[in-house]
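Student: I should like to understand how the labels attached to a structure are justified. Could we go through several of them in turn?

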Amino acid sequence: MPTTELDAIYSDPGTTATSWDETRQVLENAELFWIATVRADGRPHMTPLVAVWLDDALHFCTGEAEVKAINLRSNHNVILMTGCNSWESGQDVVVEGQAVRVTERDSLQRLAAAWARKWDGRWEYEVGASGFQGDEHDDVLVFSVRPAKVFAFAKGEFSHTRHLF
């Protein structure tokens, strides 16, 4: 369990910190995330993707030639974000951590099942030698991000919560 604290400077008076359970539920249910990586020359790169929450980590996959995969070869630090673009309601969540490649067959099988379950079979992967096998790619790289820090931004009655791991 993380340490949870409200940042009163950026929160409305009288609000409370968003619980880790509520924040985790947002991560579990989110259909779309945005991932930010850093190119070797220091320029940022951001793109949308789907991810699954399993075993206290976010997991995503990418083709070997995609910009995010290339960026991760030299810098494993990532930010994954989800939420909504409404000002008066909802919650935005930002996860900071390091992307670690998943290659272990049992973990890949559990993750493939998690993707299929979350997406009602719309994202189905076969497990390959060191990742997933997809329709267009022989080898789809799979990454795990254990949160180092998570920010939860509740809207309407604004609160800014930090979960530190």
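**Labels and their grounds**

Tutor: We may; note beforehand that this is a predicted model. The side chain of Ser11 comes within 2.7 Å of the backbone oxygen of Asp7.

Student: What makes this a polar contact?

Tutor: The limit for such a pair of N or O atoms is 3.5 Å, and the side chain of Ser11 reaches the backbone oxygen of Asp7 at 2.7 Å.

Student: Why is Ser11 called buried?

Tutor: Buried means under 20% relative accessible area; Ser11 has 10%, and is therefore buried. Ser11 lies in the loop between strand 1 and helix 1, and its contacts beyond four places in sequence are Leu6, Phe158, Ser159 and His160.

Student: How do you know that Arg162 and Glu5 form a salt bridge?

Tutor: The cut-off from nitrogen to carboxyl oxygen is 4 Å, and the side chains of Arg162 and Glu5 meet at 2.9 Å. Arg162 lies in strand 11 and Glu5 in strand 1, so the pair ties together parts that are 157 residues apart in sequence.

Student: Why does Glu5 count as partly exposed?

Tutor: Partly exposed lies between the 20% and 50% limits; Glu5 has 29% relative accessibility, and therefore counts as partly exposed.

Student: What makes the link between Asp21 and Arg24 a salt bridge?

Tutor: Again the limit is 4 Å, and these side chains meet at 2.9 Å, N to O. Asp21 and Arg24 both lie in helix 1, three residues apart, about one turn of the helix.

Terms used: Residues numbered from 1 in each chain as written. Predicted model: local features only at pLDDT ≥ 70, side-chain atom pairs only at ≥ 80, totals over all residues. Heavy atoms only, no water. Helix = DSSP H or I, 4+ residues; strand = E, 2+ residues; numbered from the N terminus. Buried < 20%, exposed > 50% of the residue type's maximum accessible area, 1.4 Å probe, protein only. Polar contact = N/O pair within 3.5 Å; in protein donor to acceptor, adjacent residues only side chain to side chain. Contact = heavy atoms within 4.5 Å.
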